[in-house]
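Colleague: I am new to this structure and would like some help reading it. Could you walk me through a few features?

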Amino acid sequence: MKTALITGATSGIGLATAQTLAENNYALVLCGRNQEKLAELKQELSQRVPVEILCFDVRDKIAVEKQINSLTKAPFNEIDILINNAGNAHGLDPIDKGSLEDWDAMIDINVKGLLYVSHAIIPQMRDRKSGHIINIGSTAGKEVYPNGNVYCGSKHAVDAITTGMRLDLNPYNIRVGAVNPGMVQTNFSEVRFKGDTERAEKVYQGFMALQPQDVAEVILFAVSRPPHVNIADLTVLCTAQASSTILKKE
């Protein structure tokens with residue numbers, strides 16, 4: 001049984017991935033900021049596989065290090081698979097009207113948070129000369145769209161960091177890849193529009209967006225390949241989406 005650590009595990013893609021991996025006999029370390037939701041998820045999934053939960057904010061490098069270092073008991077003390085899923089988007093404004101707080105949140109979570117968690121996990125993979133890292137990127141890391149400026153910049157950083165990880169960790173037999181979804185129907189837009197539910201719902205009207213389960217199944221495929229196969233970079237769109245700006249709506 002392999003052990004997977006998932007950040008942002010209490011909602012959206014992270015939640016669907018946790019449930020999917022549990023169904024496929026992976027032990028789980030589930031990370032998030034909501035202790036209550038983590039506890040509920042542990043109760044649900046521990047009926048199938050061993051589950052540990054860690055409550056921390058990926059922006060807090062001290063908490064990240066402390067919480068991950070607390071994993072001393074098997075099977076949680078050896079992380080075979082790291083899924084860097086925690087991420088966010090705040091605001092959809094032109095660069096001259098952007099909020100500094102929004103920019104900080106996106107860079108701190110999407111970029112620095114990914115690095116903090118990876119920094120805490122990679123040494124044990126390096127020492128074992130074995131491991132698999134999946135970074136959840138975005139089509140926003142492949143192309144830039146109007147008013148996407150800093151969010152797209154943060155996801156382009158994830159794309160570059162993923163490549164850098166793969167190059168640097170190649171001598172240690174560590175697989176590194178990215179899954180880059182297009183539009184997925186989660187609470188993503190509600191967060192981006194700061195709780196404006198009506199505006200968020202309109203984003204997904206008139207077409208069938210990807211569902212979290214769709215992405216979770218792609219992640220399962222990537223992590224379940226034989227040891228000599230690495231899915232280095234995979235982009236997944238719903239059929240209605242051709243690019244960040246071209247979308248067929250009914």
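Modeller: Happily; we will take a helix, a buried residue and some charged pairs, keeping in mind that this is a predicted model.

Colleague: What span should helix α5 have, and what do its end C-alpha atoms show?

Modeller: A helix is expected to advance 1.5 Å a residue, so the 21 residues of α5 (residues 149-169) should span 30 Å; the end C-alpha atoms are 30 Å apart, which agrees.

Colleague: Which elements do the buried residues of α5 pack against?

Modeller: They pack against α4 (100-128), β5 (131-136), β6 (174-181) and α6 (188-192). Among those buried residues are V150, Y151, V158 and L169.

Colleague: Is Q241 buried or exposed?

Modeller: Buried means under 20% relative accessible area. Q241 has 5% relative accessibility, so Q241 counts as buried. This residue is in the segment after β7 (233-236). The Q241 side chain reaches the backbone nitrogen of M183 at 2.9 Å, and the residues Q241 touches include T139, G182 and I246.

Colleague: How many salt bridges does a search of the whole structure find?

Modeller: Here we look for oppositely charged side chains, and the search finds nine salt bridges. In one of them, K42 pairs with E52, with the closest N and O atoms 3.8 Å apart. That pair links distant parts of the chain, as K42 is in helix α2 (residues 35-45) and E52 is in strand β3 (residues 51-55), ten residues apart.

Colleague: And where does R225 lie?

Modeller: R225 lies over the face of F221, at 3.9 Å from the ring centre.

Terms used: Residues are numbered from 1 along each chain as its sequence is written. This is a predicted model: local features need pLDDT of at least 70, side-chain atom pairs count only at pLDDT 80 or more; totals for chains, interfaces and linings use all residues. Side-chain values use heavy atoms; hydrogens and water are left out. Helices (H or I, at least four residues) and strands (E, at least two) are DSSP runs, numbered from the N terminus. The expected span of a helix is 1.5 Å times one less than its number of residues. Buried means under 20% relative accessible area, exposed over 50%, partly exposed in between (1.4 Å probe, protein chains only). Contact means heavy atoms within 4.5 Å. A polar contact is a pair of N or O atoms within 3.5 Å; within protein, one must be able to donate a hydrogen and the other to accept it, and residues adjacent in sequence count only if both atoms are side-chain atoms. A charge sits over a ring if NZ of Lys or CZ of Arg is within 6 Å of the ring centre and within 35 degrees of the ring normal. A salt bridge is a side-chain nitrogen of Lys or Arg within 4 Å of a carboxyl oxygen of Asp or Glu. Lists of a residue's contacts leave out its neighbours within four places in sequence.
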